[in-house]
Structures are given as C-alpha cells and as structure tokens.
Amino acid sequence: MSRLSSCLFSLLCLLAILTGQISGFIWRTPPPPLTYPADPADSFYQAFQTVPPLSVTADKFMSSFLGIGRHIKRSYWDEDVVLVIDGSGSIGSCEFDKGKKALVNLVGKMKKPGYDTRYAVVTYSSSSKVNFKFTPRLTAASKIMSIRYPGGGTNTQAGLAEAKKLLFDDPSSGRRRGSEKIVILVTDGMSNSKHLTIRKAQELKGKGVKILVVAVGSSIYGIDEMVKVASSPTRDMFRVETVRDFYEVTKLILQKAFSDQWKISPNQDNPPCLYGKYAVVTLATGATTDFNFVANPDAGFKIKNLPFIPRSTNTQAALKEAKRILKVPIQVGNIRVLKRLLSLSPIAFQMLIPRRPCKTANLLKASGVEIFVVAVGNYNTEIVEIASPDRKDHVFRFTNTSGFLDVTKLAFKLIQSDTSNLNLCLSLPSAFQTVPPLSVTANKFMSSFLGIGSHWSGISKRSFGNEDVVLVIDGSESIGSCEFDKGKKALENLMGRMVRPGYDTRYAAVTFSSSSKVNFKFTPSRTAASKIMNIPYPGEGTNTQAGLAEAKRLLFDDLSSGRREGSEKVVILITDGQSNAQCHLTIPKAQELKKRQVKIFVFVVGSYVRGMDEMVKVASDPPTDHMFRVETLGGLYEVTRLILQKAFPDEWKISSGQYNPPCRYRK
C-alpha cells in the first residue's frame, strides 16, 4: 500500500511539473488592461512626444521584437505578424517608400535562427486593404516594394480590423494555430475615429495579440491614442521623427545584430524627402517668432495651437524677424527658392499703419527670398509693395480671413485630385444657411449621433458602451418661451425614448442666456428626460461661451458631476445664432473641448442665421456631419418624432403634426 501511495505521489508531482511547463507554452492569459489618464494633455502622454536618438530606438526594437539583449528570449517558435501601414495623405509618397524599405530590412534580413516568422501586410488611408496574407518572410520581403501608396484619410481602426480578421477569422489567411500573434503599426498621428481605433486595439490585446507601434513625427497630434494602442507603451512604442529615420533604425539593427551577414552604411540609399519647412512670426508690436523651421505636417499642428492676441500691427518688425531667422544675407546659389507667406491681420485689428516695411522687404528680395502677401481688408499700396516683383502672382486679396480659409480648402481639394464638393468649399459657411427637409436632418442625426445606418438595421456604429452627454441649450430672448418649450419636448424625446440597448448614455443639461446655469448633472437618460421639462426659460443675451465653459467643467473638472472615467464625451449645442457676450471666447472654448476629444454637435435654428461661421467653427470636424439646420425648435421637435417613427416604430406610435401647434409670434 505504501508503495502504491509513493507511486501515486510521484505521478502527481510529475503531472504538476509537466502542467506548469506546458502552461508556459500553451496557455497565454493576456495581461490586465492598463489604466491611463483621462486627459489627453496629461504629462504621462506628453512624455512620449520626446524622440530619442536612433540608436536608443534600435536597441529598444531589438529587445522588444527580436528578443535580443533580454535575459528571457522569445518563447514561441512560430510567429504570425501583421504589418499595418499608414498610407494617409500626411505621410506622403516619398516617406511611404522609405517605410517600405524599412520593412524590407525587417522582414527579409532580420532572420532569427529557429524561428519561423510569417508576415501579412495591410495598408490603410480612408479605407483599408490586405496587400498580401501570411507568407514566409523572404517572399513577403519581395512583395513589399510593389505596394502602392494610397493617400487619403487616417482610418486606423479599419487597418486594425483587417489585422484581426487575418489573425483569427479568415481561414484562408495562412494563420497558424498556436503561433504568437503580433501587429506592428506604423503611423504618423491620430486616426479619424480615435475611440474606435482604441477599441479595436483592445480587442486584439484581449485575444493575446502583442501590438508594437512606430509613431512618426516630431510632435504628434493624438499621442495618447498611440500610447493606448501599444501593448506596453514604454516597451512597445517606438518614436522617430520621420519614416526615413525608421529606415535608419532598421539599418542600425542590421549593423549591431547581423553585422556578419549584412554590411550597411548609415544614410546609404536614404536621401531625405524634400518637403517644405515652415516658421511663423506673429505680426504685432515687438514681433516674435512663434516657432522656427518645422517640417510639414508638424508645422500645421503647431499653427493650429497658436493663441490669438489682438495687438497693433507692426509689419516692419515682423519682416525683420523673418530676416533674422532666415539668416539673411543668403547666398542665392545655396537655395532654390524660399517661399514665405506673410498673412496680414484683419483690418479690424490694424490699429496702426505698417511702419515702412518696404526697406526690409527689399533686402529680403535682394537675397533671393520670394515674398507672397495675403492682404486682408482695405486696399493698402504699401502692403502690396512688400511682395515680390511679379505682384500678379504674389499678392492675394481677401475681404476677410474666412475667404482665405475657403481658398485653402479648395486648393487642398484640387491637390488631392478630388473635385467633388468644390461648391461647398467655396461657399462655406454660406452653404449651411440652407435648411434641408426635416427627413434629411432626421436621417443625418440618426447616422451621426445615434449611429443607425440608412436601412434602419438597428446596428449601431458607435463604439463606446458609456457616453456622457451635455446638452447646452440657448435660452436667449430671441428664442422665445414657446420655442424654448418645443426644444425641451425635442430633448425629452431624445433622452427618454431613443434608448439604444447595450449603451449607457447619461445626460447633463446647461442653459445659457446672459449667464449660464447647470440645470442638472449627469443622470440616466430616463431620469434626465423627466427633469428636462422643469427647466425654466431664462431669456436675455446669448453668452454661448459661458455654456461651453460649464460643459467643460462638468465633463472634466467637477468631481461631483457624475462623469465617468473612459466614457465617450459629447456636447449637443442648440442655438439660434452668433453669441453676443464675450463672443471672442466662444470658438476658443469649443476648441478646448475638441482638443480633449469631446465631440460637439450643433443644432442651428433659424431660416437665416447671423454668425454662421461661428457655428461652423464650434462644431466638430467635419461640420457637414456635426451641424444640423432647422428653421424653428418646433422643427427640431418634428425631427425627433420622425426619428422615433423610422428607428423605433415598435416602441412608439407617433403621428406627424400631433401635439405640435406652431408658436404664434408677431412678425
């Protein structure tokens, strides 16, 4: 009996040892999800803006992906790797080609003995494409250089969705059971659908996929998205200024880890891509350089964040500052042509006549600098004389800065060879004065806010389970008490009846007139619907910025507001026109919200709205998806009833015109 007990004990010990070893090879429990700060501007994320030396990035990549330099090497013999490559317009064809060369080095030359790594490639821009499925590395390397640059938007979530399909869903993808699964994402910034991108990455990581991110750019807009996509940002996120630098990183790895196989020289076959670089000088008393020469598109990100400070115009000082940073005099033979764009202030802020700028301008032109002038406001002979001699091609006249904005939008469309919607580019914001039929507005709101497609399939496109929505309601005198009540009925329909299964949407309400007031904090939708009708009509002015400031406080600053960590944050603004109290703060307040990833929808009420440009700039991009036009708040009420008829016919029986008599006002 004792011998039998001893044998059983030995067998149990052997099983325990084998189980422990086998579990190390077969059972992979994904690590618990990391918690991240809610504020995209938090210092935790901003730390990843720093671009380390290329040698540091090379060492980190060798350790994280190749397993070189770590005490514990990689534990899987088979690896299926999906390369997800950003082919958006901001990358550019030259940099895209550099990325392909970097991936050829990675796929074709970095062979680890004993490991069978197979690669698939997905490119994405406005949509995504599987370029090839899982293939042995040498075959994959030979295919990469034939991939075409797509150009377009930054639909990162579509690329990650294709990666998931290749790794788990497509039986013909060549994926192998039990292999380690890896995604390497190469991108230069925030996607067009941030929340959906993070969700797709979480789905992959939840299935045990390791995600490495190569984040490209000297300063990346949306760096928090990149951090949340990577499996472990400190280990699996790699920062380079350009895709060309990523190519150099792969060459450094070949030098360090595979020197006996490959002889590589730094910068060999890797000339820089020639893109324009920009510096910005603000025209004001004592002109200063806002930032020195930065490559496009990083310059665009910096320009977008410049503060507006109304001061007197000093063109002479600005030209002297331009002369200083250009290091004039310049030897003409050393430069091709340096084009400078000097955007003059709107006439409303030209408190002083420019102080004899022509002398400095002539010095610049004599040194080979080409000067373009965008002249805004009243005609000024001295301003025109600043431009290069061929003034017909170097001076652009606009009555206001909105015209300049519209022309740049049109130029961008033409450069992208997309001539659709050109009339919209030319006529913004006047295009939004048109009030479409109520059914069109209902369809648009269902798609943009509720996430319901045109066939009313009931399948939502929204990607978040939790939503915190602030209703910011104009209660100014021009609205009127009767119309204000119609607006409350519309919002009662929205909150109390348009409840999507599986989504927990909570609402808070803010009204504004000459000042603003929080009517209630974040509350479940049906409770919020019961409270909305008790809100009194305030009357008086239109202090929109105060309402937006209260929305920001509820969403981020007020600990007792009921806001939820990680929820999607939305503002719905209902107003009948331009603000008239501290109106210069309205657009900056909206920009603050949008920088913190708040989506802003705007209902603009009126047959013709003064200050439509303000509404366009307050709404999230693109305004065509986030702005809704109705003639009256009674019209908005009818829009919500149409939505109930179309999307929720089984729950609510609504007759058009029922209980909605028109408001009687004197005209």
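A cavity is a set of grid points where a 1.4 Å probe fits but cannot get out, and its volume is the space filled by probe spheres set on those points. In this predicted model, a search of the whole structure turns up five cavities of 30 Å³ or more. The second largest cavity is a good place to look around, and it holds about 60 Å³ of space.

Its lining is made up of Ile85, Asp86, Ile91, Glu95, Phe96, Gly99, Leu103, Val186, Val243 and Phe246. By character, seven of these lining residues are nonpolar, one is polar and two are charged. Three elements, strand S1 (78-86), helix H4 (93-109) and helix H10 (243-257), each contribute at least two residues to the lining. Helix H4 provides the largest share, with four residues.

Attention now turns to a pair of helices. Two packed helices are described by the angle between their axes and the distance between the axes. For helix H19 (residues 481-497) and helix H25 (residues 633-647), the packing angle is about 20° and the axes lie 7 Å apart. Because angles under 35 degrees count as roughly parallel, H19 is roughly parallel to H25. The crossing of H19 with H25 is left-handed.

On the H19 side, the contact is formed by Glu483, Phe484, Lys486, Gly487, Lys489, Ala490, Asn493 and Arg497. These residues meet Leu633, Gly634, Leu636, Tyr637, Thr640, Arg641 and Leu644 of H25. The contact of H19 with H25 is mixed in character, with six nonpolar, four polar and five charged residues.

Definitions and conventions: Residues are numbered from 1 along each chain as its sequence is written. This is a predicted model: local features need pLDDT of at least 70, side-chain atom pairs count only at pLDDT 80 or more; totals for chains, interfaces and linings use all residues. Side-chain values use heavy atoms; hydrogens and water are left out. On a 1 Å grid over the protein atoms alone, a cavity is a set of points where a 1.4 Å probe fits but cannot get out, and a pocket is an open set with protein on both sides within 12 Å along at least five of seven lines; lining residues have an atom within 4 Å of a point. Ala, Val, Leu, Ile, Met, Phe, Trp, Tyr, Cys and Pro count as nonpolar, Asp, Glu, Lys and Arg as charged, and the others, Gly among them, as polar. Axes are lines fitted to C-alpha atoms, for helices over the stretch in contact, and angles run from 0 to 180 degrees between N-to-C directions. Angles under 35 degrees count as roughly parallel, over 145 as roughly antiparallel, 65 to 115 as roughly perpendicular and the rest as oblique. A crossing is left-handed if the near helix is turned anticlockwise from the far one by less than a right angle, and right-handed if clockwise. Contact means heavy atoms within 4.5 Å.
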